[in-house]
Amino acid sequence: MSEGVSLEELQLAARNHALPLEALRFDVTPVGLHFLLVHYDIPEVDEAAWRLEVDGRVERPLSLSLADLRARETVERAATLECAGNGRALLEPHVTSQPWLLEAVGTARWRGTPLAPLLEEAGVVEGALEVVFTGLDRGVEGGVEQAYARSLPLEEVRRDEVLLAHGVNGGPLPPQHGFPLRLLVPGWYGMTSVKWLSRITVVDEPFAGYQMTRSYRLRLHEDDEGEPVSRMRVRALMEPPGIPEFLSRSRVVSAGEHVLRGRAWAGEAEVAGVEVSTDGGDTWGEAALGPATLGRWAWRAWTFAWTAARGEHELCCRARDAAGGSQPLERTWNLGGYANNAVQRIAVTVT
């Protein structure tokens, strides 16, 4: 990095945590290892008093308790969530924000009720354009005091897989992951799945909140309106082989036969394949892609056989999707450090 990480960024890093890459071994990420990003503070919520309000451009506004939501149709959806800022700390020049390396990701089994039937029950009126989701977490960002709120086009929230989640991995939502209720939008970067959800508002014009108009946009400079961050770009990560050197986290591996393992996911289309390089990207070989046992919206396992010869090596992996998307070798800079899906590189010493 061209600049050091600031004290302010260290404060953010101490509050938020990433997935240890060795935890890629788990098909479903244990809740305590799932990546975590909290924009402001974790709100204190009284379950008995909490309500979800559904209002705006609807015929029948709703006010629902957690018990009401739990009594509705319940489904479970395995989904991979990745922070839009994953890889930000690797960009040059330095981008000041949560200093993620590559581990801001996790896959969980989310349990809740589908959103589309609830909106149908409320009766969305003609001319509605978007749906705004507002959380209970409040703070100041860009000089604006706000509740965290984001919107989605009406056609997106009507997708069958979009949930109002009140449970995860067989238990209730923990406070840091959005208790008592969060939105789950599979395929989109994690900022879309609003936590501590308190209000759903149907609107007939684009929502102009800070998190839509200034944050989470792909911009090259302050005056650039840019494009909104949306679906996750295709990505593969490798479980680091061997053992780590404590400070540098570089790897030490014994010579001989090894199986490299990892996970791959995508938001636009299904993962179509993964390639691995053991020479820093000069040559590539096709990995064996595992079945989509967790469903369309969760990562897939992959493996690659490697005969490790003594010396210094750089391992890389890259994924491609069915729509033709693939990972670039070089990182692409933008003002917020978003959607950086350049290939992972791991320094390995074979002894």
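For 351 residues, a compact globule would have a radius of gyration near 20 Å; the protein chain of this predicted model has 21 Å, so the two agree. The C-alpha trace spans about 70 × 45 × 35 Å along its principal axes. Of the 351 residues, 53% are buried. Contacts reach far along the sequence: among those between residues at least 6 apart, 73% join residues at least 24 apart.

Whole-chain values are collected here.

| Property of the protein chain | Value |
|---|---|
| Helices | 5 helices |
| Strands | 22 strands |
| Accessible surface | about 15500 Å² |
| Share of that surface on carbon and sulfur atoms | 51% |

One open sheet has 5 strands in the order β2-β1-β10-β5-β6, with mixed pairing. Strands β2 and β6 (144-153) stand at the edges. Each has a single partner strand, so one side of each lacks a neighbour in the sheet. From one strand to the next, the twist averages 25°.

Strand β5 (residues 130-141) runs antiparallel to β6, and 9 bridges join the two. E130 has its bridge partner in β6, namely P153. Helix α3 (residues 115-122) packs on the sheet. The helix touches β1 (52-56), β2, β5 and β10 (197-203). Its direction makes about 135° with that of β2.

Next to β2 comes a loop residue. S65 lies in the loop between β2 (62-64) and α2 (66-70). Is S65 buried or exposed? Its relative accessible area is 15%, under the 20% cut-off, so S65 counts as buried. Leaving aside neighbours within four places in sequence, S65 is in contact with W50 and R51.

Key. Residues numbered from 1 in each chain as written. Predicted model: local features only at pLDDT ≥ 70, side-chain atom pairs only at ≥ 80, totals over all residues. Heavy atoms only, no water. Helix = DSSP H or I, 4+ residues; strand = E, 2+ residues; numbered from the N terminus. Buried < 20%, exposed > 50% of the residue type's maximum accessible area, 1.4 Å probe, protein only. Contact = heavy atoms within 4.5 Å. Pairing = 2+ DSSP bridges. Axes fitted to C-alpha atoms, helices over the stretch in contact; angles between N-to-C directions. Rg over C-alpha atoms; globule rule 2.2 N^0.38 Å. Areas by Shrake-Rupley, 256 points an atom, 1.4 Å probe, with all protein chains shown as cover.
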